[in-house]
Each structure stands twice: as C-alpha cells, then as structure tokens.
Amino acid sequence: MAINFLSWNCYGVRSHIDDIKSILNKYQPVCFGLQETYLSPVDTVKVKFYNIIRKDYTQGARASGGVALLISKHFPFIEIPLTSVIQAVAIQLQIDVLVTVCFIYLPPNQNFTQNELDDLINQLPQPFILMGDFNGHNPIWGSPDINLRGQQIETLIDNHCICLLNSSNHTYFHQPTRTFHTLDLALCSPSLVIKWNFNTEDDLFNSDHFPIILSYIDNDIRYPERPRKFIFQKANWSLFSEFATITLDMVEEVSIDDAVDKVTYSIIQAADMAIPKTSGKIPKIWKPWWNEECRIFNKQQKEAWDKFRRYPTTSNLIDFKLAKATFRRVKRTSQRKSWQAFISTITNQISSKKLWDKIRRLSGRYSDNTSVSFLNHNGQVITDAKKIANTLAEAFSAVSSASSYSQDFISHKKNEERYDIDFNSLTDDEYNSDFYLIEFKRALRKSHATSPGPDNIHLLMLTHLTETSLHNILKLFNRIWKEKRFPSSWRRAVVIPILKPGKDAKSPNNYRPIALTSVLCKLLERMVNSRLVHVLEKKKWLSPFQSGFRFGRGTVDNILLLENSIREAFVSKKHLVSILFDMEKAYDKTWRYGILRDLYGIGFKGNLPIFIQNFLKTRSFRVRIGNTLSDVFYQEEGVPQGSVLSVILFIIKINEVIKQLPTGVNGSLFVDDLEIHCSGEDMGFIERKLQEAVNKISEWGKKNGFQISSQKTVAMHFCRRRGLH
C-alpha cells in the first residue's frame with residue numbers, strides 16, 4: 001500500500017465523522033490533517049487505528065475553526081510543540097528519512113503578520129511538508145486574481161526556499177457562484193519535491209473542499225503490514241481435525257526438541273490448510289449501519305456530482321442536491337435502525353463481559369495498543385521501528401539483568417549461588433507422578449484463548465484436535481516430565497510493549513513487557529501449577545494474609561481486614577496508620593535461585609521442582625512492534641509476565657515478607673501489593689513500630705533482590721479524635 005498524506009477542510013469533525021471514515025478507508029493515509037474541526041476542548045473524538053493531535057480554537061464559549069491531525073498507530077512519531085498564534089499542529093515521523101509534517105488552517109477573516117508565518121516555518125525541523133487550507137489567492141497556484149494572503153504565502157515561499165507541490169487541480173467549490181478555486185496548498189522543503197505526487201479527490205464528501213493528497217513516489221517504501229492472524233470464525237474444523245494428526249511416532253522422537261517441533265509443524269500445517277488468514281493489510285473502519293441501500297444511493301449521489309462537475313448547469317446542480325438529500329435521509333434511517341438493533345441486544349440475560357464489550361464500543365475504546373512513539377535514549381532520538389524494538393528489548397533485558405541489583409545483593413547472590421540445589425530424588429510423592437488425562441482435559445478447559453506465542457499455535461487449535469492426538473500430546477508432556485528435559489522453543493517469547501498509563505511514551509522505561517509464550521507450554525504449566533498450588537495449600541505453607549490468585553480469596557479480603565482494623569481504632573478512639581508498599585519491577589527482578597531455594601526449603605524434590613528449574617533457565621525474547629521484530633535478547637532474572645506459573649512462583653518468593661512484621665503491626669498481601677498498619681493511642685509509638693517494620697521489610701528486600709519504590713509507597717492516617725488536625 002502506498003504512503004499517503006491527506007489534508008481536508010471537513011467543516012466540522014463530529015458532523016462529518018462518517019465522511020472522515022470513508023476517506024480513511026479509501027486511502028488509509030499515514031497522516032490526515034483536518035481543518036475547521038469546530039471542536040471545543042471538552043469534546044472527545046476517537047478514530048480506530050489513529051492517534052489524534054488537536055489545536056482547538058474558540059471564540060468565547062463557541063468552537064470556531066481548529067485543526068487536527070490523525071496519525072496512523074502503525075507509524076512511530078513524535079509531536080512537535082509549536083508556540084504560535086496560528087492554528088497548526090506538527091509531528092515528525094520516519095518514511096525513508098525523518099520528515100516533519102505540519103497541518104495548518106488560516107481563517108479568511110483573521111489576519112496574520114509575515115513575521116508570524118515566518119516564525120512558524122522556523123519552528124519546523126527540516127525537511128518538512130506543510131499542508132492545509134491557506135485561504136489565499138495567487139496566480140502561482142492557478143487563481144485568476146491575488147489577495148493579501150496570497151501575497152504573504154508567495155513571500156513565505158521565496159524567503160524560505162519552499163517548493164509548491166500543487167498541480168492545476170482545484171481544491172474548493174464555491175456553491176453560490178458554482179465556481180472552482182484553489183485554497184488548499186501543499187508546500188515542502190526542496191529535498192522532498194521530487195519524492196511526492198500531488199493530487200485531489202474528485203468527491204467533496206459533503207464539504208466545500210476537496211481532500212488533497214500527497215503520494216510517495218518510491219514504491220519500495222510501503223505501508224507496514226500487520227502480523228497475519230488466523231480467522232477462526234471461518235475455520236473448517238473438520239478438515240483441520242483430519243490433517244492435524246499427532247502420531248505416536250512424533251512424540252517418541254529421540255530428541256524432545258524434535259518431538260515438539262514435529263507436533264508444532266503438524267498443527268500449523270493443518271491450520272494453514274483449514275483456517276484462512278488475514279491479509280496483513282490495515283482493516284477498514286467498520287460502519288455498522290452501512291447496507292446495500294446506502295451503497296446504491298451513495299453511488300447515485302456521486303454520479304450526480306460527476307455530471308454536475310462536467311456540466312455545471314442549474315439543472316444538474318438541482319439533481320445533485322436532490323441525490324445528496326436522498327442519500328442523507330437513507331443514511332439516517334439506516335443509522336437509526338442499526339442503533340435500535342444494537343440496543344435491543346442488551347437484555348437482562350446478557351453476560352457482563354458482552355455488556356462491557358458493548359459499552360467500550362459505544363465509548364470508542366479500542367483494544368489496539370500498537371501505538372509506539374519515538375524514543376529518547378542516551379540523548380539520541382530513535383525513529384526507526386527496528387531500532388525502537390531493539391531499544392525497548394535492551395531496556396527490558398537490563399531490568400532483569402544481574403547488574404540491575406544493588407552491589408550488596410550482587411555479592412550476596414554470588415555467595416548463595418555457589419551451592420547447587422539438588423532436586424533429584426527417588427521420592428514417590430504424588431505430585432511427581434505422570435499426568436492423567438483428567439488433569440490434561442481440566443487444564444485445557446480452564447485455559448484462556450489468549451494471543452499465540454512464537455510457534456503461532458492458538459488454543460482453539462488444541463481444542464479441535466482428535467482424542468487420539470490429545471492422548472499423544474499428553475504422552476509428550478509426560479515424556480518431558482519424566483526425562484526432565486525442557487524444549488528449547490518453549491523458552492522463547494515474543495514481547496509486546498504496552499505503555500503504562502499516564503507515562504511519557506518517549507522513555508523506553510515506561511513500557512510494560514507482555515510475554516507471549518507457547519500455548520502448548522502454557523497448557524503443561526497449568527497442570528504443573530495446579531499440583532504446586534495444591535501441595536502449598538495442603539501444607540498451609542502460604543501466608544494466610546496472602547489473597548492473590550487463591551481459591552475463594554480476593555482483594556475484598558484485604559479491604560475488609562483493613563476496614564475492620566480502622567473501625568476498631570475508631571471505636572476505641574485510637575490512631576491507625578496504614579502504609580501501602582510498591583515493589584519496583586517486582587516480577588522482572590524476582591531472584592530465580594531464591595525461588596528454587598524456597599521450593600527446596602518447603603521440601604519439594606523430583607520432577608516438579610526440576611521442571612520449574614528448567615522452566616526458569618535461559619529464557620530469551622524478541623520485542624514486536626507491528627510486524628517488526630527486534631534482535632534476540634535474554635532475561636537473566638525474573639519470571640516472565642504472561643506465563644501461567646509466574647504468579648505462584650512470585651508468591652512463593654514474596655511469602656516470607658509478611659513474617660518480618662514486628663508484634664503490633666499487621667499486614668496483608670495481594671501478590672506483590674503489600675499493606676501494613678498499626679494502631680494505638682500514642683502516635684510516637686505507632687511511628688516507632690512502623691519504622692521498625694519498614695526497616696525489617698527493607699532489610700528482607702535487600703537479601704532477596706526486591707527494592708521498595710519510595711515514590712509510589714504511601715502512608716495514610718485514620719483517626720476520629722477531634723482537635724488534632
């Protein structure tokens with residue numbers, strides 16, 4: 001798909017949102033500038049697959065003018081802050097070189113000085129493209145006359161050695177006089193003039209301006225494709241089950257790696273035959289109300305417009321207005337019926353998940369988190385998608401590296417890891433026995449249909465395998481279990497970076513890594529996790545104050561515990577102070593040897609702890625930005641986010657922290673969220689007790705590789721005694 005930049009005076013974003021979507025579907029531009037948006041700061045506009053940058057303009061309480069820029073989420077970019085009275089927005093993005101793109105609106109009834117125009121140009125990094133509605137007339141771009149604005153733009157072009165990209169196509173239709181003019185311009189730096197073609201759309205899209213289009217000439221630079229995904233709604237599952245045959249010969253290969261590779265190949269080969277895939281192209285923005293009737297009358301409107309444009313007579317203008325009004329009426333009727341049909345699906349029998357999905361659709365919230373900004377790293381601006389992926393991967397790898405710990409812990413770590421942990425044993429504990437088919441089926445039933453890992457196997461593929469194939473996969477799992485060998489392909493992950501809410505997108509440290517691992521591996525993990533949790537609960541090893549991911553427990557337990565303590569303090573007219581701790585990069589910095597040492601201390605030996613030991617060993621990942629993968633990086637420490645076993649392994653490691661609390665201080669845990677509180681009549685006593693607790697928690701953290709975030713840790717004072725504050 002070609003690289004396109006578009007600009008259009010839409011004469012109101014909200015009233016022309018359907019036309020905007022039609023233009024986006026037709027051209028799928030990288031950048032789309034809109035003028036006369038008529039948006040006030042309180043208005044919210046969202047368009048799927050696009051980020052929006054706006055500069056609203058109001059006169060009193062009324063929105064007037066305004067400019068907006070829609071930038072595709074598949075292109076990394078950075079906003080250029082402009083300090084100007086002129087209505088303009090600008091970004092930088094990477095095409096073949098780093099390009100600045102600015103969209104501008106100059107109202108016809110507002111005067112600007114030449115210095116103000118010059119100042120705007122001086123703020124745009126070279127090379128740049130400037131597009132928008134200038135409202136200037138000049139013979140240079142085909143106007144029969146010249147006005148003051150046209151003279152200013154001509155002077156601007158001369159002073160800054162700017163090139164005009166416009167062709168002879170008109171960009172504006174003046175309906176009262178039925179004449180065509182050129183008010184929308186595309187200007188650029190000299191180095192870009194030979195790389196872009198100018199054109200205009202034939203359709204007004206219910207405005208009085210034609211969209212102007214810049215197309216990149218180099219066909220080697222294409223719109224980035226999305227990862228191709230299986231379309232399970234169109235799957236031929238009977239064909240898949242027939243060809244996805246997992247035989248006993250496959251699982252009995254000499255090497256565990258070869259056996260896993262053959263099973264994976266068989267499933268994916270059958271999926272390629274029976275399940276269609278997406279094209280990889282950017283999907284069009286869906287209009288739920290669009291139907292065949294809309295298509296017919298929209299076509300009639302376009303035909304009437306084309307006829308009037310060729311022969312601008314009064315009769316043809318009347319025919320066009322009539323066709324336009326008819327299509328508008330048909331569209332509104334279709335929208336009303338579509339809305340009624342949508343609302344009628346919300347009944348008292350609808351599930352909460354489907355209800356919230358509909359609410360998110362209504363509010364314009366989309367699950368598309370692919371947008372990544374330019375990055376600032378070591379004083380350099382990273383603009384290329386591959387380099388951005390490598391920079392993020394390097395940041396993720398650095399967090400989990402041994403060098404990220406304090407020097408004291410590194411010394412302690414080296415001293416402890418001199419001693420190997422021997423889990424080998426002839427124990428006949430039940431948790432080390434072979435897995436049963438009922439465990440396998442239960443794990444398969446409880447698994448969630450999440451995104452596939454590097455092997456591209458989806459959970460739905462496993463659920464549609466034959467009984468024979470499932471039995472043979474279970475035999476493969478038991479072979480991995482008994483031979484104590486972990487497939488190397490299961491140690492690899494694809495990491496999707498998700499920006500943390502409210503954080504600066506330009507910092508690589510503000511992204512959360514979500515690891516996508518093999519679904520086959522997750523299935524075996526779930527079976528191991530079930531046995532591990534069962535033993536821990538049976539031995540009552542987990543702290544009773546840990547509520548995270550335990551059967552029959554939840555955050556409500558922790559809230560009620562704290563609320564009860566607060567109420568008791570209120571009744572006895574005491575003070576209560578609560579401290580809520582935040583662990584920095586808790587999952588990514590969890591000490592792996594410490595987890596294994598704790599398992600050994602609990603008494604685990606045999607297949608189960610050896611599987612976990614192999615599971616944590618030598619894990620690698622690649623960061624994916626769109627369809628671009630980073631180089632291979634390694635995770636030295638920590639548990640992989642997104643893995644089934646990670647939560648319980650982290651809980652095992654943090655379990656001892658609650659035992660560090662001194663007498664008189666109580667607390668609770670929800671996975672890594674720690675809360676402690678102390679009550680009493682004397683604030684000095686409370687302060688001493690809590691300080692003692694904080695010191696002990698900090699000391700425990702230093703010995704186990706955890707670090708408390710002082711910025712995110714907060715304290716709250718609860719008291720109903722009067723006259724104290």
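The following paragraphs lead through the domains, two strand arrangements, the cysteines and the aromatic pairs of this structure. The model is a predicted one.

The chain is divided into four parts, listed here with their bounds: domain 1 covers 4-216, domain 2 covers 229-278, domain 3 covers 292-363, and domain 4 is assembled from 548-588 and 654-724. Between the C-alpha centres of domain 3 and domain 4 the separation is 57 Å.

The account may begin with an open sheet of six strands, whose order is β3-β6-β2-β1-β16-β15 and whose pairing is mixed. Its edges are occupied by β3 (50-55) and β15 (196-200); each has a single partner strand, so one side of each lacks a neighbour in the sheet. From one strand to the next, the twist averages 15 degrees. At the β15 edge, the pairing with strand β16 (residues 212-216) is antiparallel and extends over five bridges. Within this pairing, N199 has I213 of β16 as its bridge partner. Strands of a sheet pair through backbone hydrogen bonds, in either a parallel or an antiparallel sense. Helix α1 (residues 17-27) lies across β1 (4-9), β2 (31-35), β3, β6 (67-72) and β16. Relative to β1, helix α1 runs at about 160 degrees.

A second arrangement centres on strand β26 (residues 673-680). Six of the eight residues of β26 are buried, so this strand is largely enclosed by the rest of the structure. Strand β21 (residues 575-581) runs antiparallel to β26 and is joined to it by seven bridges. Here H575 stands opposite G680 of β26. Strand β25 (residues 666-670) is likewise antiparallel to β26, with five bridges joining the two. One of the residues of this pairing is S668, whose bridge partner in β26 is E675. The strands β25 and β26 form a hairpin with two residues between them, and V671 there adopts a positive phi near 55 degrees.

The cysteines may be considered next. A disulfide is a covalent bond between the sulfur atoms of two cysteines. How many disulfides does a search of the whole structure find? The search returns zero. Two cysteines illustrate this result. For C102, the closest cysteine sulfur belongs to C31 and is 11 Å away, which is too far for a bond. C102 is also buried, with 0% relative accessibility. For C163, the closest cysteine sulfur is that of C188, at 5.2 Å, and this too is too far for a bond, because the criterion requires the sulfur atoms to be within 2.5 Å.

The aromatic residues complete the description. A pair of aromatic rings is described by the distance of the centres and the angle of the planes. The count comes to 35 aromatic pairs. Among them is the edge-to-face pair of F173 and F308, with 5.6 Å from centre to centre and 75 degrees between the planes. Since F173 lies in strand β12 (residues 172-174) and F308 in helix α7 (residues 292-310), the pair ties together parts that are 135 residues apart in sequence. Are these two rings carried by buried or exposed residues? F173 counts as buried at 4% relative accessibility, and F308 counts as buried at 0%. Elsewhere in the chain, one aromatic cluster is formed by F435, F440, F477, W481, F486, W490, F611 and F615.

Key: Residues are numbered from 1 along each chain as its sequence is written. This is a predicted model: local features need pLDDT of at least 70, side-chain atom pairs count only at pLDDT 80 or more; totals for chains, interfaces and linings use all residues. Side-chain values use heavy atoms; hydrogens and water are left out. Domain bounds come from an automatic or database domain assignment. Buried means under 20% relative accessible area, exposed over 50%, partly exposed in between (1.4 Å probe, protein chains only). Helices (H or I, at least four residues) and strands (E, at least two) are DSSP runs, numbered from the N terminus. Two strands pair if DSSP finds at least two bridges between them. Axes are lines fitted to C-alpha atoms, for helices over the stretch in contact, and angles run from 0 to 180 degrees between N-to-C directions. Contact means heavy atoms within 4.5 Å. Rings of Phe, Tyr and Trp (its six-membered ring) pair if their centres lie within 6.5 Å; planes under 30 degrees apart count as stacked, over 60 as edge-to-face and the rest as tilted.
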